[in-house]
Amino acid sequence: MKLSTSQFNPAQNSESNFYALFPHRYDYLWAEHPAPGERPQWQTQSKHPLSDRLLQQGAFLYGVRFGSRTNYVLIDIDKNSAYHPSRDPFAIQRLTGALEQIGLVSYVAVTSSHSGGLHIYFPFTAEQKSYQMGRVVQVIAQNAGFKVKPGHLELFPNARPYQEKLSLYAGHRLPLQLGSYLLGPDFEPIFTIEAEFVRQWQFAQARNDISTEVIDQVWKTAHRQERAITKNAAKFLNDLDAEIEPGWTGTGQTNWILSKVADREFIFRHVLSGGEPLEGESLVAAILQVVTSLPGYKEFCRHQHEIENRVRDWARCVEKHRYHYGGTKAKLMGNSSPQSKPPNQNALKAEDAQRRIREAVADLIAKNEFPSAITARRKAIERYGISPTTLNKYRSLWHPNELDHTPKDQPEKVPAEKSSEPLSNKDVQTLSLNKLLDTSAAPPEQAEVLNDRIGGCGGSSIPPALKQKILAKLEQARRGHSVVSIETKRQQRASEQYQAKLTRWLESGDPILVKEARERLGLPPLT
């Protein structure tokens, strides 16, 4: 039977009270110790709680989440954050000053890891509701001008939106593991042992006297402003989580995982963690942080050498085709608006396939290895991991005969030409005698036939005045008509169109079109 948080009792072999400071051990995080300069690949273990014995062994890095109640608040400030002491020596004091209104006046500061980020703990004696405390601290920080977002400033417990099925709280790594050290008043490392951490924790805990009245007041104000996430949106979010959390289980999954992470971070991150919706570099950083820490990334992702570029591509894609949840451009999920439906993965896959073809072509051209023959060109592009099916689908990006991108169902129209060949009565029968037909282009022989039809029996809807005008034009055509072969004029027009097309290709700036045009015109390749 699964014990509640209040019933859980850590192993009794602890040498200090350090582990007892973090009583919630279910759904804990663990990761192998990373190589210097690399990020841990965190995984969630939900089958059993984290024991003190595992913590004492130290074979892995560990992190914990929050239960329904908490006796501390944690602030995570990244090394590159504008609020880090190395960039703003007074930011933490400003934040502490803002939190004084609810009784948080003292903290314990440690380095989170070798990365140089900071974890700042605000412990207190009277346990508080985790969801309420997370939302209240977020509102206070935002009202003080602090922006809460991943890789910048994060708060634990995180402010969770209301969902029909509540998700887990975000987890944080435990202090005093590899690279984590206590910090002094000026954020300088000091001698670090578990007993000293406990002593500072208890000292701060005694000073932090939580004001439940102020917390309730802030909570009520924030709760009235908070939008509840809809049932359909919650399902979509849970589906994304289910796709993301297992990480890589084999090769060929990079684009699929990137698409899911990009969707979640762009659409829902401001709802899950508070702050402003992610865009631009903040979105790229958040996606990159999640992707590189997923299970199986090191073993199965074959795009690690270009992962940041891939992430940027997907970030631009979701910014173009998605909307932030609750944004002004989209209605809430769950209604009939097309924008509120889950993103179209087929469109994302198509865009990625076309991008890969363009990159392959550009690379071949840069290496001067782009063949002119169709079969050789196809095989050269396939070496970049692009399937024949994909190449057939997007022939307009590489096939020499389809580079003009003219839709097949919209052939270029060639205007009717004057002809010296007489038309038989049978041929004339197929022509429309609509009264708006301009017959001035008719040759003399055809004019006679048309004249007979206009004035013959059987009834014509053309008024007499208009009939006279048409006959006058036909007479002008007889006197001034120049006999030119229709086939010759068609060939001349086709030649002009071909030259114009090659000129457009040369001026397009597209490397494949420029190369193709220079080859057809007999020009030397560009160096």
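**Burial, cores and sheet in a predicted chain**

Val-218 is buried, with a relative accessible area of 14%. That value lies below the cut-off for burial, which is under 20%. The model is predicted, and the values reported here are computed from it. Val-218 sits in helix 5. Its contacts, leaving out residues up to four places away in sequence, are Gln-101, Val-136, Val-139 and Ile-140. Val-218 and Val-137 are separated by 81 residues in sequence, yet their C-alpha atoms are 9.1 Å apart in space.

The protein chain has 527 residues, of which 42% are buried. It contains 18 helices and eight strands. Among contacts with a separation of 6 or more, 69% join residues 24 or more positions apart. The chain exposes about 29,000 Å². Carbon and sulfur atoms supply 50% of that area.

In soluble globular proteins, nonpolar side chains tend to be buried together. The largest nonpolar core in this model holds 32 residues. Within it, Ile-75, Ile-77, Leu-99, Ile-102, Leu-104 and Met-133 touch the most other members. Several elements each supply at least two residues of this core. The strands among them are strand 4 (69-77), strand 6 (118-129) and strand 7 (153-156). The helices are helix 2 (91-99), helix 3 (130-143) and helix 5 (212-225). Helix 3 gives the most, with six residues. A second core, of 31 residues, lies apart from the largest one. Its members include Ala-233, Ile-267, Leu-283 and Tyr-325.

Met-133 illustrates the contacts made within and around the largest core. Neighbours within four places in sequence aside, Met-133 is in contact with Val-73, Ile-102, Leu-104, Phe-124, Gln-128, Ile-210 and Ile-215. Two of these partners, Ile-102 and Leu-104, are also listed with Met-133 as touching the most other core members.

Helix 6 spans residues 231-244. At 1.5 Å a residue, its 14 residues should span 20 Å. The end C-alpha atoms are 20 Å apart, which agrees. The buried residues of helix 6 are Ala-233, Ala-234, Phe-236, Leu-237, Leu-240, Asp-241 and Ile-244. Seen down the helix axis, these buried residues fall within an arc of 160°, so they line one face of helix 6. The face turned away from that buried side carries the exposed residues Lys-231, Lys-235 and Ala-242. Ala-233, on the list of buried residues in helix 6, also belongs to the core of 31 residues.

Four strands form an open sheet in the order 2-1-3-8, with antiparallel pairing. Strand 2 (43-45) and strand 8 (172-173) are the edges, and each pairs on one side only. Strand 1 and strand 2 run antiparallel and are joined by three bridges. Across this pair, Tyr-28 stands opposite Gln-45 in strand 2. Strand 1 (residues 28-31) also pairs with strand 3 (residues 61-64), again in the antiparallel sense and over three bridges. Leu-29 faces Gly-63 of strand 3 as its opposite residue. The bridge partner of Trp-30 in strand 3 is Tyr-62.

Methods. Residues are numbered from 1 along each chain as its sequence is written. This is a predicted model: local features need pLDDT of at least 70, side-chain atom pairs count only at pLDDT 80 or more; totals for chains, interfaces and linings use all residues. Side-chain values use heavy atoms; hydrogens and water are left out. Two strands pair if DSSP finds at least two bridges between them. The expected span of a helix is 1.5 Å times one less than its number of residues. Buried means under 20% relative accessible area, exposed over 50%, partly exposed in between (1.4 Å probe, protein chains only). The arc is that of the directions from the helix axis to the C-beta atoms. Contact means heavy atoms within 4.5 Å. Accessible areas come from the Shrake-Rupley method with a 1.4 Å probe; for residues, only the protein chains shown count as cover. A nonpolar core is a set of buried Ala, Val, Leu, Ile, Met, Phe, Trp, Tyr and Cys residues joined through side-chain atoms within 4.5 Å.
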